[in-house]
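Q: Could you take a close look at a single helix in this model for me? I'd like to know which way its residues face, and how that fits with the rest of the chain.

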Amino acid sequence: MRVLPVNINRNTNPSHKANNRWVTDKLGNKLYMTSTVFFRDDVIWEDLIKYLCERYKNVPKVNFVNYACSNGMETLSFAMSFLMYAPEEFKKFTPIIAKDINEDNILMAKQGVYKRYIDAFLRMQRITNKKCQKYLDVALCPNDDRLLSVSPKKILTDNIIYKQGDIFEDIENIPKYNTFLTCRNFWQYISFERKSELAKRLSKRLNPSSIIMLGECDVVEGRADLHLELNGFKRCPCGMTCKNILYSKG
Ligand SMILES: C[S@@+](CC[C@H](N)C(=O)[O-])C[C@H]1O[C@@H](n2cnc3c(N)ncnc32)[C@H](O)[C@@H]1O
């Protein structure tokens with residue numbers, strides 16, 4: 001598979017080859033860091049899960065599509081949060097279809113072995129009141145005592161399907177109704193023109209019963225919220241739940 005630059009209109013050179021690296025322009029100037037973590041700080045995870053359960057309480061099945069899922073840490077954070085806060089309701093949100101344009105990321109997600117610094121793991125424990133431990137196998141790395149090897153248990157991986165995919169090429173396949181679509185901390189990768197195009201096409205595709213979830217840097221830097229609003233989406237009235245990052249037409 002050939003990975004094409006996502007941003008065809010800007011003078012950038014994103015290679016999508018790994019996380020935690022800088023994307024630079026052709027002069028080598030740093031543009032942004034591509035990274036992901038477990039339980040990103042831009043979400044209050046418990047509130048988000050409760051909001052989704054309430055919103056879809058009368059619906060038998062929710063299509064959960066997690067675009068730009070990176071190496072799976074985000075998808076696993078969603079799955080762990082559901083298991084911690086709404087295990088019964090989780091059933092109707094599964095399987096989570098998790099996609100990223102980068103094949104290396106998807107490979108890593110499928111392998112499901114994450115090397116984490118001990119303080120990063122302690123952060124996860126703090127955020128989840130140590131509940132995340134139940135869903136992960138954790139071991140010390142033999143050759144570096146600052147690192148832990150963290151792997152999701154079957155109860156998580158059984159509920160996730162990882163696939164390589166470019167959101168631009170997939171839109172016609174996204175279910176229209178009762179879809180919870182996340183494409184978070186991703187819009188900074190694409191040009192102004194392509195943001196508008198994506199918002200327009202998503203808006204055309206999705207019925208008002210569906211929700212789009214962005215990430216904090218999308219809203220602050222990318223102005224993706226503006227594109228969505230122009231195309232008929234409004235911020236969901238969920239107060240402090242998750243820093244204004246849920247959008248819907250309904
Ligand atoms: C900064 S990471 C964010 C990961 C995750 N959503 C999060 O918030 O932690 C952005 C991800 O978007 C992916 N990506 C970029 N363009 C994409 C596209 N057109 N379709 C799907 N994924 C894409 C990249 O490969 C990268 O893994």
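A: Lys 195, Leu 198, Ala 199 and Leu 202 are the buried residues of H8. They span an arc of only 95° around the axis, so they sit on the same side of H8. The general background is simple: an α-helix has 3.6 residues a turn, so residues three or four places apart point the same way. Flip to the face turned away from that buried side and you find the exposed residues Glu 193 and Lys 204. Bear in mind that this is a predicted model.

As for its geometry, H8 covers residues 192–205, 14 residues in total. From first C-alpha to last it reaches 20 Å, close to the 20 Å expected at 1.5 Å a residue.

One of the buried residues, Lys 195, also gives us a link to another helix. Its C-alpha is 9.8 Å from that of Leu 226, although the two are 31 residues apart in sequence. Leu 226 belongs to helix H10, residues 224–230. Leu 226 has 13 C-beta neighbours inside 10 Å, so it counts as partly exposed; the cut-off for buried is 20 or more.

Now set H8 beside H2, residues 73–85. In H2, 10 of the 13 residues are buried, so that helix is largely enclosed by the rest of the structure. The buried ones run from Met 73, Glu 74 and Thr 75 through Leu 76, Ser 77, Phe 78, Ala 79, Met 80 and Ser 81 to Phe 82. The length of H2 checks out too: its 13 residues should span 18 Å at 1.5 Å a residue, and its end C-alpha atoms are 18 Å apart, which agrees.

What does H2 pack into? The largest nonpolar core has 58 residues, and Ala 79, Ile 96, Ile 212 and Leu 214 have the most contacts inside it. H2 gives the most to this core, with 6 residues. Ile 96 shows the link to H2 nicely: leaving aside neighbours within four places in sequence, its contacts include Thr 75, Phe 78 and Ala 79, along with Phe 64, Asn 66, Asn 159 and Ile 160.

Zooming out, the protein chain has 10 helices and 12 strands. Of its 250 residues, 37% are buried. Among contacts with a separation of 6 or more, 73% join residues 24 or more positions apart.

Key. Residues numbered from 1 in each chain as written. Predicted model: local features only at pLDDT ≥ 70, side-chain atom pairs only at ≥ 80, totals over all residues. Helix = DSSP H or I, 4+ residues; strand = E, 2+ residues; numbered from the N terminus. Buried ≥ 20, exposed ≤ 12 C-beta atoms within 10 Å, placed from the backbone. Expected span 1.5 Å × (residues − 1). Contact = placed C-beta atoms within 7 Å. Core = buried A, V, L, I, M, F, W, Y, C linked by C-beta atoms within 7 Å. Arc of directions from axis to C-beta.
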